[in-house]
Amino acid sequence: FINRAGAMVIPFLSLYLVNVEGFTLPQVGWIMSCFGLGSLVGTYIGGRLTDSIGYYKVILASLFFGGLGFILLQYINTFYGFCIGIFILTLMTDAGRPAIFVAADAYSKSGNITRGIALIRLAINLGFSIGPLVGGLIIANLNYTSLFWIDGITCIMASLGVFLLLQPKKLKNKFEEETRVIKEGIPPYLNKLFILFFIIMVANSLAFVQYFSVMPIFYEQVHFLSEDVIGWLLFLNGATIVVFEMPFIAWLDRKQVSKTMATFWGIFFLGLSFLVLNFTSWSGILVVAMLLMTLGEMIGFPFSNALALEMAPKGRKGSYMGLYSMSFSFAHLIGHNGGMNLVNSFGYFTTWTVFSIFLLFIAMLAIWLYFLLKKSETKNI
């Protein structure tokens with residue numbers, strides 16, 4: 001929560017690059033591709049390190065050095081400098097992502113992992129609902145550079161919280177021995193069903209990341225919203241998740257909803273959120289779209305996280321969650337750049353139409369995965 005409450009740079013990064021640094025949309029797209037490349041390398045390294053040295057050390061280092069990276073990023077003002085800086089920053093910050101999922105699995109009771117992940121998402125979204133809102137107000141009343149300091153300091157504060165409160169010696173005896181067991185099963189890249197699941201998550205995330213790069217520019221250029229109003233829209237996403245996700249996920253869990261079908265519905269509602277943007281020029285549709293995206297996020301992400309853990313054999317959870325996390329990294333690598341260039345070449349209407357049709361196809365793939373997993377379970381029985 002402390003970490004994400006200070007997450008003010010990333011939601012406004014595309015606006016900062018355009019309005020303050022004066023970069024073009026294609027240039028912003030390339031910088032965001034470097035963001036994705038850093039995330040890709042970071043999650044791969046983080047997954048491997050989690051299996052070898054344990055999640056505690058990985059989370060601690062990721063938060064601390066990521067905080068320093070945010071503070072230093074504000075002093076870069078060239079295109080190539082930003083490409084290198086954002087690559088190094090996201091490498092450090094996203095190295096901790098697989099470790100967090102493995103830690104969630106270690107702390108959760110048996111059969112409670114979906115709700116455990118939902119609880120972590122609650123903390124993330126509670127912070128993320130506050131961060132962009134305060135960030136938008138700071139931009140409107142002060143400047144962009146203040147965000148870098150706040151984001152960096154809160155990351156470092158979070159690392160201190162991990163160091164002071166999680167007591168690594170006790171965790172080592174109780175939990176970390178589980179990460180050193182003999183590996184069972186096959187690596188994730190040899191698991192055909194997991195690779196299909198990975199492709200689905202990459203595709204879903206390609207569209208999802210548009211809400212954090214292309215969409216803020218759409219809000220400003222087409223609907224003429226100021227940064228503080230954009231902050232309120234992003235706050236709506238986080239606040240809705242904070243209020244409704246935990247009871248909603250608990251209800252779906254009790255109904256024993258298939259994790260794969262929940263992933264399907266998450267993709268479906270995300271696609272619908274893009275489609276409605278083409279229905280009208282009324283700015284209220286932005287709220288409708290944000291709520292549809294949020295509904296898809298609430299259903300899809302906790303269950304897809306849990307599905308990835310469920311598919312991971314004993315002793316390989318770090319590697320599997322590393323590859324799962326890399327799906328978001330690939331999305332950052334391709335999605336921002338693709339979205340920016342689509343808008344630059346064809347406009348927003350065509351871009352939202354393309355993403356809607358694309359997500360409909362991916363939703364069908366999720367249904368195919370559901371039947372393949374059912375078939376696989378029957379064979380194992």
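**A colleague's note on the pockets, cavities and Ser33**

1. Let me start with the second largest pocket: its lining has 16 residues, and those nearest the centre are Thr260, Leu307, Glu310, Leu373 and Glu377. Please keep in mind that this is a predicted model. The space in this second largest pocket comes to about 390 Å³.

2. Where does the lining of the second largest pocket come from? At least two residues each are supplied by helix H13 (259-275), helix H14 (285-311) and helix H16 (348-380). H16 gives the largest share, with six residues. By class, the lining of the second largest pocket holds six nonpolar, six polar and four charged residues.

3. Now to the enclosed spaces. The count of cavities of 30 Å³ or more is two. The largest cavity has a volume of about 90 Å³. Its lining is made up of 13 residues, and nearest the centre of this largest cavity lie Asn204, Gly266, Ile267, Gly296 and Phe301.

4. Which helices each supply at least two residues of the lining of the largest cavity? They are helix H10 (192-208), H13 and H14. H14 contributes six residues, the largest share of this lining. Sorted by class, the lining of the largest cavity has six nonpolar residues, six polar ones and one charged. You may like to look at H13 and H14 with both spaces in view, since each supplies at least two residues to the lining of the second largest pocket and at least two to that of the largest cavity.

5. Ser33 deserves a look of its own. You will find Ser33 in helix H3, which covers residues 25-53. Is Ser33 buried or exposed? Ser33 is counted as buried because its relative accessible area is 6%, under the 20% cut-off.

6. What does Ser33 touch? Setting aside neighbours within four places in sequence, Ser33 is in contact with His332, Leu333 and Asn337. With Asn337 there is also a polar contact, side chain to side chain, at 3.0 Å.

7. Finally, the chain as a whole. There are 16 helices and zero strands. Of the 381 residues in the chain, 56% are buried. Among contacts with a separation of 6 or more, 87% join residues 24 or more positions apart; the contacts of Ser33 with His332, Leu333 and Asn337 are worth viewing alongside that figure. The chain exposes about 16,600 Å², and 70% of that area is supplied by carbon and sulfur atoms.

Technical notes
Residues are numbered from 1 along each chain as its sequence is written. This is a predicted model: local features need pLDDT of at least 70, side-chain atom pairs count only at pLDDT 80 or more; totals for chains, interfaces and linings use all residues. Side-chain values use heavy atoms; hydrogens and water are left out. Helices (H or I, at least four residues) and strands (E, at least two) are DSSP runs, numbered from the N terminus. Buried means under 20% relative accessible area, exposed over 50%, partly exposed in between (1.4 Å probe, protein chains only). A polar contact is a pair of N or O atoms within 3.5 Å; within protein, one must be able to donate a hydrogen and the other to accept it, and residues adjacent in sequence count only if both atoms are side-chain atoms. Contact means heavy atoms within 4.5 Å. Accessible areas come from the Shrake-Rupley method with a 1.4 Å probe; for residues, only the protein chains shown count as cover. On a 1 Å grid over the protein atoms alone, a cavity is a set of points where a 1.4 Å probe fits but cannot get out, and a pocket is an open set with protein on both sides within 12 Å along at least five of seven lines; lining residues have an atom within 4 Å of a point. Grid points are joined across faces, edges and corners, and a volume is the space filled by probe spheres set on the points. Ala, Val, Leu, Ile, Met, Phe, Trp, Tyr, Cys and Pro count as nonpolar, Asp, Glu, Lys and Arg as charged, and the others, Gly among them, as polar.
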